[in-house]
Amino acid sequence: MSAKTEKLLSLLNGQPVIPVLKIANVADAVPLARALARGGLPAIEITLRTADALEAIRRVAGEVEGAIVGAGTILDARQFDEAAAAGSRFIVSPGITIQLLAAAKDSPVPLLPGAITPGEIMAAREAGLRFLKFFPAEQSGGIASLKAFASPLADVKFCPTGGITGKNAADYLALPNVNCVGGSWVAPDDMVKAGRWDEIEALARAASQLAR
């Protein structure tokens with residue numbers, strides 16, 4: 001296992017669920033991250049799907065003690081560098097490219113790239129990555145696919161994301177090659193918009209106690 005894979009796993013520190021967040025209003029970023037951390041989910045992924053995403057990462061990195069903020073939906077080396085400069089402790093991408101692998105190689109910030117085919121998983125493995133995002137999980141065979149990978153790709157672990165909910169998360173976490181899952185159900189858009197931080201904290205606490 002590479003040093004960067006070990007670094008990423010230590011950052012996530014056995015957390016069973018990584019909240020995947022789309023921040024529509026940058027003012028929500030800090031109270032949302034605080035609520036999730038209070039609930040036992042300090043490691044979060046803020047996706048670069050909104051105009052305020054980088055500023056949200058900066059604020060959480062600078063203002064939320066104990067939070068471990070990562071950047072998601074990173075598509076190229078420029079975004080990788082911008083997210084790292086904003087304070088991202090880890091980088092998540094939906095797929096794997098030569099450019100992204102090169103950016104990650106030159107950076108102390110670890111990469112969690114998406115991979116769903118044996119070829120993609122083997123390419124990541126050759127680059128020294130043994131912990132991958134399996135995305136989009138439900139649309140790509142879900143639990144059945146991950147079970148099929150367990151024997152031929154026994155030294156690779158996954159964080160399935162995409163279609164993971166409070167109802168199926170435990171089934172994924174029961175797989176021997178799954179370290180954690182990513183999901184947005186712990187921070188529903190309506191709760192975030194209404195500032196219902198106590199309810200989000202409760203959802204996070206329930207997710208943090210899922211068996212893994």
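# Helix 2 and its surroundings in a predicted model

At 9% relative accessibility, Phe149 counts as buried (buried means under 20% relative accessible area, exposed over 50%, partly exposed in between, with a 1.4 Å probe and protein chains only). This is a predicted model, in which local features need pLDDT of at least 70, side-chain atom pairs count only at pLDDT 80 or more, and totals for chains, interfaces and linings use all residues. Residues are numbered from 1 along each chain as its sequence is written, and side-chain values use heavy atoms, with hydrogens and water left out.

## The aromatic pairs

The structure holds three aromatic pairs. Rings of Phe, Tyr and Trp (its six-membered ring) pair if their centres lie within 6.5 Å; planes under 30 degrees apart count as stacked, over 60 as edge-to-face and the rest as tilted. One pair joins Phe134 and Phe149. Their rings are edge-to-face, 6.1 Å centre to centre, with 80° between the planes. Phe134 lies in strand 6 (residues 131-134) and Phe149 in helix 7 (residues 142-149), so the pair ties together parts that are 15 residues apart in sequence. Helices (H or I, at least four residues) and strands (E, at least two) are DSSP runs, numbered from the N terminus. Phe134 is buried, with a relative accessible area of 0%. Ring pairs also bring in Phe158: Phe134, Phe149 and Phe158 are linked into a cluster.

The loop between strand 6 and helix 7 contains Pro136. A cis peptide bond joins Phe135 to Pro136, with omega about -10°.

## Helix 2 and what covers it

Helix 2 spans residues 29-38. Its buried residues are Ala29, Val30, Leu32, Ala33, Ala35 and Leu36. Their cover includes strand 1 (17-21), strand 2 (43-47), helix 3 (53-63), helix 9 (189-194) and helix 10 (197-208). After helix 2 comes Gly40, with a positive phi near 100°.

Two packed helices are described by the angle between their axes and the distance between the axes. Axes are lines fitted to C-alpha atoms, for helices over the stretch in contact, and angles run from 0 to 180 degrees between N-to-C directions. How do helix 2 and helix 3 cross? Their axes come within 9 Å and cross at roughly 50°. Helix 2 and helix 3 are therefore oblique to each other (angles under 35 degrees count as roughly parallel, over 145 as roughly antiparallel, 65 to 115 as roughly perpendicular and the rest as oblique). The crossing is right-handed. A crossing is left-handed if the near helix is turned anticlockwise from the far one by less than a right angle, and right-handed if clockwise.

In the contact (heavy atoms within 4.5 Å), Ala29, Val30, Ala33 and Arg34 of helix 2 meet Ala56, Arg59, Val60 and Glu63 of helix 3. These residues divide into five nonpolar, no polar and three charged. Ala, Val, Leu, Ile, Met, Phe, Trp, Tyr, Cys and Pro count as nonpolar, Asp, Glu, Lys and Arg as charged, and the others, Gly among them, as polar.

Helix 10 is the next partner. The axes of helix 2 and helix 10 come within 7 Å and cross at roughly 40°. That makes helix 2 oblique to helix 10. This crossing is right-handed. Helix 2 contributes Pro31, Leu32, Ala35, Leu36 and Arg38, and helix 10 contributes Trp197, Asp198, Ile200, Glu201, Ala204 and Arg205. By class, the contact has seven nonpolar, no polar and four charged residues.

## Two residues of strand 1

Leu21 lies in strand 1. At 4% relative accessibility, Leu21 counts as buried. Beyond four places in sequence, Leu21 touches Leu32, Leu36, Ile44, Glu45, Ile46, Thr47 and Ala187.

Val20 also has its place in strand 1. Val20 is buried, with a relative accessible area of 14%. Leaving aside neighbours within four places, Val20 is in contact with Glu45, Thr47, Thr161, Gly182, Gly183 and Ser184. Val20 and Val181 are 161 residues apart in sequence, yet 9.8 Å apart in space, C-alpha to C-alpha.

## Positive phi outside glycine

The table gives two residues that have a positive phi although neither is a glycine.

| Residue | Phi | Place | Relative accessibility |
|---|---|---|---|
| Asn13 | about 50° | loop between helix 1 (3-12) and strand 1 | 65%, exposed |
| Thr73 | about 55° | loop between strand 3 (68-72) and helix 4 | 17%, buried |

Gln79 lies in helix 4 (residues 77-85). Gln79 touches Leu48, Thr73 and Ile74, not counting residues up to four places away in sequence.
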